[in-house]
Amino acid sequence: MSARNASPPALADDHDNPWKDALELYFPQALALLTPDLYSLIDASVPVEFLDKELQAVLRASAPGQGRRHADKLARVRLRSGDGALLLVHVEVQGRLSGPLALQVFGWRMLEYNVLIRQRERRKGRALLPPQVYSLGVLIDQPWRSPQDAPAATLTYQSDFLAQRTRFTFPIVELNDWRARWDELDALAPANPFAVVIMAQLQAAGHPDKASRLAPLLDLTRRLYGYGYTRDVIGPLLRLVEWMLRLPADLETDYFLAAQRLEQEHEMSYVTIAERHGMVRGQADLLLRQIQRRFGPVDEAVVQRIRAAGTEDLETWSLNFVDAASLEEVFKD
């Protein structure tokens, strides 16, 4: 095949940023699906406080100079008992943990984060004992377990040396276990938008070839219109679905036209789809050109993040760009 006719390499999925945004939008709903026992202890009437700065300080301490890793979220919630609690939700988005060593490394990272967060909070509060931190691992598309095996509820990091033993057990959620419960997700989705996030992730993992994603993306879009969501809910949610099930450029027009027909069938009009092909695409391309002119070429994850963003994020990033001294400052909250 000649170079002229060769197909461009497939772009890697950007799981980190969609999951980060999804957890910020639907944190209580995510806990209700991922860890219902914990959710039952939380006072949902008290707003969640995200501790991004504290978490970034912990990540820098654990790996100086490596920058941000994974879609980690740290949040403070209020329990029904009246006590406060810190929740670390660590989303493992690197694809696959294949083999015992990879699992040990993941377990060590969860232990390291847990200890560093507790140390930091202990110093701030000057308490004799650190606060409790609930560490939850969410694993995407993991192949280590045979389909006939029972799903794992926990993972354990263990280190033994002579009489010294370290053991840290933490709960995990394997998203693949939801694949056999698709009908349950569909039934839960009208009351819990995070079910749609899981559905989109399952479809993305099940269709790694982006050329095969048009049908599953349209199926999810059709379901969204049938769940009875308000405009405020369906707009951000549809952007997440489109982001996670990223299509190749040559299929975007097909999706746009089919989605328009769906809107007409349901007598609805959500700006999200039109934005992706009009005003927002122009705004995104302009911001991308400005970033590349000031900071040089950027990797494909940054390009996807900008082109998948909505008007609110693009406006924020454009304002940040005016005074930004680094690419990281462009994307600050």
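Patches are made of residues with over 30% relative accessible area and no salt bridge, with like charges joined within 9 Å. In this predicted model, one positive surface patch meets that description. Its members are Arg60, Arg120, Arg122 and Arg123. Helix H5, spanning residues 100-125, supplies the largest share of the patch, with three residues. Arg122 belongs to helix H5. Its relative accessibility is 36%, so Arg122 counts as partly exposed.

The overall architecture was examined next. The protein contains 15 helices and six strands. Of its 333 residues, 44% are buried. Among contacts with a separation of 6 or more, 68% join residues 24 or more positions apart. The exposed surface of the protein is about 17500 Å². Carbon and sulfur atoms account for 52% of that surface.

Seven salt bridges are present in the structure. One of them pairs Glu49 with Arg76. The closest N and O atoms of Glu49 and Arg76 are 3.2 Å apart. Glu49 sits in strand E1 (residues 49-50), whereas Arg76 sits in strand E2 (residues 73-78), so this pair ties together parts that are 27 residues apart in sequence. Neither partner is buried, because the term requires under 20% relative accessible area. Glu49 is partly exposed at 40% relative accessibility. Arg76 is partly exposed as well, with a relative accessible area of 28%.

A further salt bridge links Arg181 and Glu184. Here the closest N and O atoms lie 2.9 Å apart. Arg181 has a relative accessibility of 34% and therefore counts as partly exposed. Glu184, with a relative accessible area of 35%, is also partly exposed.

Helix H8 carries a salt bridge between Arg223 and Asp219. The closest N and O atoms of this pair are 2.8 Å apart. The two residues are four apart in helix H8, so about one helical turn separates Arg223 from Asp219. Arg223 is partly exposed, at 23% relative accessibility. Asp219 is partly exposed too, at 22%. Elsewhere, salt bridges with shared partners join Lys20, Glu24 and Lys73 into one network.

Helix H8, which covers residues 214-226, also contains Thr221. The setting of Thr221 is buried, because its relative accessibility is 0%. Beyond residues up to four places away in sequence, Thr221 touches Leu238, Tyr255 and Leu262. Helix H8 thus holds the buried Thr221 as well as the partly exposed Arg223 and Asp219.

Backbone geometry was considered at one loop position. Leu162 is not a glycine, yet it has a positive phi of about 55 degrees. Leu162 is placed in the loop between strand E5 (154-161) and strand E6 (164-174). With a relative accessible area of 82%, Leu162 is exposed. Thr221, by contrast, is buried at 0% relative accessibility.

Methods
Residues numbered from 1 in each chain as written. Predicted model: local features only at pLDDT ≥ 70, side-chain atom pairs only at ≥ 80, totals over all residues. Heavy atoms only, no water. Patch = residues over 30% accessible without salt bridge, like charges linked within 9 Å, V, L, I, M, F, W, Y side chains within 5 Å. Areas by Shrake-Rupley, 256 points an atom, 1.4 Å probe, with all protein chains shown as cover. Salt bridge = Lys/Arg side-chain N within 4 Å of Asp/Glu carboxyl O. Lys, Arg positive; Asp, Glu negative; His and termini not counted. Charge placed at Lys NZ, Arg CZ, Asp CG, Glu CD. Buried < 20%, exposed > 50% of the residue type's maximum accessible area, 1.4 Å probe, protein only. Contact = heavy atoms within 4.5 Å.
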